[in-house]
Amino acid sequence: MCFRCLSVLLLFLIPSMAADRRTLRVCADPNNLPFSNQVGEGLENRLAEILAHDLDAQLTYTWWAERKSFLKNSLEAGLCDVVMGVPSSMDSVLPTEPYYRSTYVFLSRTDRALNISSLIDPRLEGMRIGIHVVGDDYAPPAHLLARRGLASHIAGYSLYGASGEVNPPSRLIEAVVRGDVDVAIVWGPFAGYFSKQQSAPLTVTAVSPPMFLAIPFTYAISAAVRKGDDALRTEINQAFVRECKSIAALLLEYGIPQVPEDTPKCDSSQSAAALSR
Amino acid sequence: MRKSIVLFTAAAILVSSVPRLGGQIQNQPDDGQWPMAAKNFASTRFSTLTEINTGNVKDLKLAWTFSTGLTRGHEAAPLVVNNTMYVVTPWPNLLYALDLTKPGGPVKWTYSPHPSASSQGVACCDVVNRGAAYYNGRIYYNTLDVHAVAVDANTGKEVWKVALGDINLGESITMAPLIVKGKVIVGNSGGEFGVRGWLAALDAGTGKLLWRAYATGPDRDVLIGPNFKPFYEQDRGKDLGMKTWQGEQWKIGGGSGWSWISYDPDLDLIYYGTSNPGPWNPEQRPGDNKWTCTLFARHPDTGEAIWAYQMNPHDDHDYDGINENILLDLTIQGRARKVLAHPDRNGRMYLLDRATGEVLSAEAFANQNTSESVDVKTGKIKYVASKATGFKTVRDICPAAPGGKDWQPSSFSPATGLIYIPHNNLCMEYEGVQANYIAGTPFVGANVRMYAGPGGHRGELSAWDPVAAKAVWTVKEMFPAWSGTVVTAGDVVFYGTMDGWFKALNARTGALLWQFKVGSGIISQPVTYRGPDNKQYVAVLSGVGGWSGAIVAGGLNAKDGTGALGFVNAMADLPNYTTKGGMLYVFSLP
């Protein structure tokens with residue numbers, strides 16, 4: 001009873017909790033840097049803050065690990081209204097306009113001077129190649145390597161950590177530093193972010209070709225809302241245009257390797273109306 | 001003339017009764033209880049009770065019901081021991097004890113293991129549990145978050161609870177354990193998540209891990225030693241669990257033992273099968289990928305492998321080898337054989353000599369076009385090359401990934417000599433590239449869509465003669481027959497359908513004798529038992545879900561045919577026929 005009295009009192013005492021302030025409800029992974037974590041250190045945390053500020057909304061999070069059924073259990077289940085990162089082609093949700101496009105990259109120790117960028121480089125036949133595994137599925141460039149007969153050169157590093165393990169994806173980047181693998185083929189945002197934190201200088205180079213069969217190695221990334229929530233999507237698209245410069249600075253700060261020709265430009269020719277189709 | 005007829009009749013009785021006498025493994029002692037999911041070590045799911053029979057089953061009436069309070073897929077077999085019924089639910093894996101001595105089976109106690117909530121996101125295809133096992137005053141079962149538990153059968157107090165893996169790495173457990181010689185035998189799930197499959201034995205008294213046999217890796221991990229004598233050439237050699245893979249792929253190669261275990265006390269061997277290999281793109285794992293899609297015989301005391309037979313080397317179609325193994329003593333081509341009957345996901349009924357691993361027959365029980373034949377001399381399956389998958393579009397693959405049949409267990413009647421196989425009639429197309437996004441990383445996967453096979457129906461129940469290696473009769477079902485079967489000495493076969501009909505068939509003809517519409521589709525394992533009042537009862541859990549019913553239990557979008565790994569495409573109309581909800585139904589004669 002007393003707890004109830006207290007909470008009623010508190011409501012009157014805190015003027016900032018005005019009833020008409022809108023809320024931006026975001027679902028995010030609590031342990032998945034560089035994208036998000038529970039203390040707000042990730043790129044997507046910061047982007048959500050920019051968005052909430054732009055929309056004059058109160059930012060709230062529902063924490064849910066980004067595993068197989070993440071979107072179904074979180075966004076689609078109504079626990080939130082926005083997730084900050086999905087491939088722009090994802091059709092189970094309603095993605096916004098992309099705010100960046102990144103690529104799978106080669107990552108190697110700079111002192112090895114490998115200068116490698118091609119997935120069909122013959123030197124790969126003599127190398128141990130680290131690559132992320134989600135469940136039993138290797139990251140997309142492994143399909144090309146397998147077709148080239150290099151399956152035995154692949155060393156898989158799980159994206160999933162054991163309980164309590166911090167930043168599981170960075171195990172692969174650490175393996176490059178230690179020399180456990182000659183090169184790693186990594187999704188750009190992981191390579192850019194974690195390679196800055198290592199003791200040895202690392203070289204990051206976009207993979208080529210950019211696709212193989214129907215498998216792309218570059219992906220545009222968007223925020224997403226539930227299907228049917230077109231009004232919120234339009235608002236976010238317009239906010240992304242307004243905040244274009246802050247977002248560009250954010251991507252730079254997090255070292256996200258971008259595919260230049262596809263990076264959104266912060267110029268006035270891109271009208272908000274054109275983006276809110 | 002008259003005399004000769006009498007003589008002939010006497011001879012016929014003699015001949016037909018000979019195979020049923022003696023110490024045949026299918027003639028298991030039956031005290032009217034149901035102490036383990038498959039009823040007995042031979043996994044026959046056969047009850048000697050005859051009060052309910054072909055003559056009176058039409059009068060079967062509902063005796064009482066019990067709501068589990070949960071709405072996900074209910075796949076378990078209720079246990080009946082010492083006038084108590086034990087029911088394990090899907091996540092959160094509650095264990096209910098119901099008092100059969102009182103009207104309506106009131107709850108004696110409820111045990112909750114409090115499994116991790118995040119384990120729900122790890123299970124591939126709904127958060128099911130396939131049941132418990134009773135041994136020495138305790139109930140043993142597994143939780144979705146990779147624990148085994150022992151619970152006092154009288155008080156519901158937890159005796160021990162042991163972690164066997166880490167759900168964060170993609171492991172879970174959905175299978176019912178088997179208790180053999182004081183050991184709890186358990187296998188993991190999670191092939192889709194890159195786990196390395198294993199089967200383990202725990203001390204029933206303490207929960208201490210006694211051995212763990214992996215399905216991939218070096219012989220010492222697979223528990224292959226000097227006593228390993230596979231019947232076929234291709235299964236012999238050192239460290240095949242590594243050498244039939246490239247590089248280190250075996251570390252995430254799958255081969256989980258997520259389903260049934262059988263036991264032959266005379267040979268002192270346990271039998272089980274392993275799941276399909278990963279990754280899904282077979283181009284990325286050249287080689288036979290041992291020991292996935294394999295049947296193993298192991299000694300329960302040490303776990304050491306005695307023989308292995310890989311049914312589907314380098315599997316292309318998600319044909320797990322985990323289906324049930326029914327142990328039978330039969331006369332095959334004039335010779336008494338100790339056999340194991342295994343209806344595989346690939347649509348073939350394997351009959352193996354369970355002492356040696358020799359294949360005696362492997363004929364198709366379901367519509368299939370992925371293999372031409374199995375050569376019993378070499379043990380080799382001949383695949384149809386045009387149905388091989390990879391990074392390309394392949395249409396009309398039959399059976400689909402859930403197989404000619406999935407985990408749903410068959411039964412065998414020593415009275416009819418037939419195996420009652422609940423199965424699927426599904427095909428699939430396999431194509432293109434599906435963008436996926438997990439833990440901030442874009443991935444691509446195979447896009448699978450399943451649909452009804454020839455005839456347009458999606459399920460069948462077949463009565464199979466294992467000696468003649470052919471079906472005697474088949475009943476069609478609109479939806480996949482995703483429940484187990486139970487058969488009785490009263491010549492009645494019971495099973496349930498996904499649209500919610502609980503049915504009784506004549507075991508000799510397949511004629512429908514009785515049916516009852518339950519609240520939600522049935523994907524569980526029916527049982528029958530003698531109650532404290534000496535009456536025969538039949539019990540079944542309703543509660544649709546599982547891989548096939550995820551569209552209802554998980555509320556999936558019917559427009560996304562690739563949901564539930566492509567199963568939604570074949571089940572888009574299921575929500576028109578059933579809703580979710582876990583409920584136990586118990587029937588008896590008035």
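Is Gly23(B) buried or exposed, judged by its C-beta neighbours inside 10 Å? Select Gly23(B) and look around: it counts as exposed, because it has 7 such neighbours. (A residue is buried if 20 or more other C-beta atoms lie within 10 Å of its own, exposed if 12 or fewer, and partly exposed in between, with C-beta atoms placed from the backbone.) Gly23(B) sits in the loop between α1 (2–17) and β1 (46–47) of chain B. (Helices, H or I with at least four residues, and strands, E with at least two, are DSSP runs numbered from the N terminus.) Now add Asp329(B) to the selection: 306 residues separate it from Gly23(B) in sequence, yet the two C-alpha atoms are 9.0 Å apart in space.

Before moving on, a word on what is on your screen. This is a predicted model, in which local features need pLDDT of at least 70, side-chain atom pairs count only at pLDDT 80 or more, and totals for chains, interfaces and linings use all residues. Residues are numbered from 1 along each chain as its sequence is written, while chains are lettered from A and ligands numbered from 1 in the order in which they are written.

**Stop 1: chain A**

Show chain A alone and colour it by secondary structure; you should find 9 helices and 15 strands. Of its 277 residues, 44% count as buried. Among contacts in chain A with a separation of 6 or more, 73% link residues 24 or more positions apart. (Two residues are in contact if their C-beta atoms, placed from the backbone, lie within 7 Å.)

Next, pick helix α6 of chain A, residues 188–195, which is mostly covered, with 8 of its 8 residues buried. Phe190(A), Tyr193(A) and Phe194(A) are among them. To see what covers these buried residues, display β7 (100–109), α5 (170–178), β11 (183–187) and β12 (202–206) of chain A, which are included in the cover.

**Stop 2: where the chains meet**

Bring chain B back. The contact takes 47 residues from chain A and 39 residues from chain B. On the chain A side, the elements giving two or more residues are β5 (82–87), β8 (129–134), β9 (137–138), α4 (141–147) and β10 (154–158). That side divides into 25 nonpolar, 15 polar and 7 charged residues. (Ala, Val, Leu, Ile, Met, Phe, Trp, Tyr, Cys and Pro count as nonpolar, Asp, Glu, Lys and Arg as charged, and the others, Gly among them, as polar.)

Now select Tyr160(A), in the loop between β10 and α5 of chain A. Tyr160(A) is buried, with 22 other C-beta atoms within 10 Å. Leaving aside neighbours within four places in sequence, its contacts are Pro168(A), Asn168(B), Leu169(B) and Gly170(B).

**Stop 3: the two domains of chain B**

Colour residues 59–68 + 405–590 of chain B as domain 1, and 131–258 + 261–322 + 324–391 as domain 2. (These bounds come from an automatic or database domain assignment.) Their C-alpha centres lie 23 Å apart, and 24 residues of domain 1 are in contact with 19 residues of domain 2. On the domain 1 side, β27(B) gives the most, with 4 residues.

Which residues touch the most other members of the largest nonpolar core? Select Ala132(B), Ala133(B) and Tyr140(B), which do so in a core of 170 residues. Domain 1 and domain 2 of chain B both give residues to this core, so it lies between them. A second, separate core of 85 residues includes Ile116(A), Ile129(A), Ile247(A) and Val195(B). (A nonpolar core is a set of buried Ala, Val, Leu, Ile, Met, Phe, Trp, Tyr and Cys residues joined through C-beta atoms within 7 Å.)

**Stop 4: strands of chain B**

Show β19-β20-β21-β22 of chain B, four strands in that order in an open sheet with antiparallel pairing. (Two strands pair if DSSP finds at least two bridges between them.) β19 (326–332) and β22 (359–364) stand at the edges, each with a single partner strand, so one side of each is left without a neighbour in the sheet. Zoom in on β21 (residues 348–353), joined to β22(B) by 5 bridges, and find Tyr350(B) opposite Ala362(B).

Finish at β23 (residues 371–374) and β24 (residues 381–383) of chain B, an antiparallel pair joined by 3 bridges. Val374(B) stands opposite Ile381(B). The hairpin has 6 residues between its strands, and Gly379(B) takes a positive phi near 75°.
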